[in-house]
Amino acid sequence: MAWALTPLTEEQREIQRVARDFAMHEIAPHSAKWDRDAYFDPSLVEKLGALGFLGMLLPEEYGGLGLDTLTYLVALEEIATVDASVAVMLSVHNSLPTQMILRWGTAEQKKRFLEPMARGEMLGAFALSEPEAGSDAASLRTQAVRDGGDWILNGTKAWVSSGTKGDVILAMARTDTPDDRRGARGISAFIITPELPGYSVGKKEDKMGLRASPTVQLHFSDMRVPGNRLLGQPGSGFIYAMQSLDNGRLGIAAQAIGIAEAALRYAASYAAERKQFGKPIKEFQAIQFKLADMAMRVASARALLHMSATAKDRGEHMTQFSAMTKLLASETAMAVTTQAIQIFGGYGYVKDYPVERLFRDAKVTEIYEGTSEIQRIVIARELYSH
Ligand SMILES: Cc1cc2nc3c(=O)[nH]c(=O)nc-3n(C[C@H](O)[C@H](O)[C@H](O)COP(=O)(O)OP(=O)(O)OC[C@H]3O[C@@H](n4cnc5c(N)ncnc54)[C@H](O)[C@@H]3O)c2cc1C
């Protein structure tokens, strides 16, 4: 049973139950096949929108549920326990593009995009990375040039989650000029929609895990973007992206904890059924100790996540908390899924049981929204920043 740092309120338990029911009925029966076929089911967006789950953090005036961060993360963990691919779609949409438009968008941008996004009529994506700019995202090269009241964008964005279906893509591009390079302060954020001339979806990645989440390249070729699609101030796009990732990383931590929780449950029940040497393997102390360590790790990561969620809602500076939470949760997911496979023995290494998928899905949580190395850099830097 999932354990919370503070007892969940009645409303939080209700949202958790709705998420669990949805995951069990609408996702669980299909997850193995979606993973095998690398298939993204677009009807999920509609169904999750109808449930309100695509506007979990948006205020009610924009059609959202107006949930606090903890409630949102509790729901996200429930979905991730069943399918990490669906969870990342939810996490990106709720934590990044919707929040960026809410925080820095004009009244017109909010009106145009937030309600359809909350209803699931438009799915959000976030395009910061490029083929040559990953951890060093500020070195991105996609260039935006003024042309009258419009902008002309050229470049390639890489690794865009939900990119095949993305209806509203928050894309970062340079607005400084070759003669006046301004580093991170030369980057702006744009609200991109697929009907813009010059927009195209490129290569879809054939991934190890998270296979039901389409990850693609996006090409912008002389793409004409109306001036009213610039988000906030020119030159502030990288700062917006970094501040948003403080929130996004909590979503990825919830995803990682969901994966770890699922692996723990599968391993515990398998250990009770599987017999060797005439008794269930859970009777062996070696297996008990593994399960104990797994349970301890999941509980620790969840405790830090819940602490971070409440700190965020108190308005605290989140950079270090978010990095620590994402780092602990993703390393927990990797450690716990590895031990789950060990407990399953040979059966853990084949696709007949779900722990193999959980192991593959866990790995990416140590890579995206900042690798574990980058999280350690952020944590250490914050130690000296105040
Ligand atoms: C499935 C998936 C989905 C993704 N979704 C999105 C998305 O929706 N939007 C988006 O913008 N991006 C997305 N990404 C991109 C992701 O954020 C990057 O992959 C990540 O930031 C790492 O960049 P990179 O892959 O270029 O690795 P690199 O930056 O090339 O890193 C390679 C290795 O070097 C290490 N390294 C790099 N710099 C340092 C340093 N200074 N000190 C120590 N070690 C260092 C890294 O930690 C890593 O181990 C996604 C990636 C994946 C795999």
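## Helix packing, domains and ligand shell in a predicted model

Helices α4 and α5 pack with their axes 7 Å apart, at an angle of about 155°. Angles over 145 degrees count as roughly antiparallel, and α4 and α5 are therefore roughly antiparallel to each other. The structure described here is a predicted model.

The contact between these two helices can be given residue by residue. From α4, the residues Y72, L76, I79 and A80 take part, and they meet A84, V86, A87, L90, S91 and N94 of α5. By class, the contact of α4 with α5 has 8 nonpolar residues, 2 polar residues and no charged ones.

### Domains

The chain is divided into three parts: domain 1 covers 10–122, domain 2 covers 125–235, and domain 3 covers 239–383. Taken over C-alpha atoms, the centres of domain 1 and domain 3 are separated by 21 Å. Their contact takes 21 residues from domain 1 and 22 residues from domain 3. On the domain 1 side, the elements that give two or more residues are α4 (69–82), α5 (84–95) and α6 (97–104). Helix α4 provides the largest share of that side, with 9 residues. The side of domain 1 that touches domain 3 divides into 11 nonpolar, 6 polar and 4 charged residues. Helices α4 and α5 thus appear both in the packed pair and on the side of domain 1 that touches domain 3.

### Strand pairing

Strand β3 (150–161) pairs with β2 and with β7, as the table shows. Strand β7 also pairs with β6.

| Strand pair | Sense | Bridges |
|---|---|---|
| β2 (residues 143–147) and β3 | antiparallel | 5 bridges |
| β3 and β7 (residues 215–226) | antiparallel | 9 bridges |
| β6 (residues 199–204) and β7 | antiparallel | 4 bridges |

Individual residues can be placed within these pairs. A144 has L153 in β3 as its bridge partner. Strands β2 and β3 form a hairpin with 2 residues between them, and G148 in the turn has a positive phi of about 65°. Opposite V225 in β7 stands W151, and opposite P226 in β7 stands D150. Y199 stands opposite F220 in β7. In a regular strand the side chains alternate between the two faces of the sheet.

### The ligand shell

Which residues come nearest to the ligand? Of the 22 residues around the ligand, the nearest are G134, S135, W159, T371 and E373. At least two residues of the shell come from each of β1 (124–127), β3 (150–161) and α12 (372–383). Strand β3 therefore has a part in the shell as well as in the pairing with β7.

Domain 2 (125–235) and domain 3 (239–383) each give at least three residues to the shell around the ligand. By class, the shell consists of 12 nonpolar, 7 polar and 3 charged residues.

Notes:
Residues are numbered from 1 along each chain as its sequence is written. This is a predicted model: local features need pLDDT of at least 70, side-chain atom pairs count only at pLDDT 80 or more; totals for chains, interfaces and linings use all residues. A residue is near a molecule or strand if its C-beta atom, placed from the backbone, lies within 6 Å of it. Ala, Val, Leu, Ile, Met, Phe, Trp, Tyr, Cys and Pro count as nonpolar, Asp, Glu, Lys and Arg as charged, and the others, Gly among them, as polar. Domain bounds come from an automatic or database domain assignment. Two residues are in contact if their C-beta atoms, placed from the backbone, lie within 7 Å. Axes are lines fitted to C-alpha atoms, for helices over the stretch in contact, and angles run from 0 to 180 degrees between N-to-C directions. Angles under 35 degrees count as roughly parallel, over 145 as roughly antiparallel, 65 to 115 as roughly perpendicular and the rest as oblique. Two strands pair if DSSP finds at least two bridges between them.
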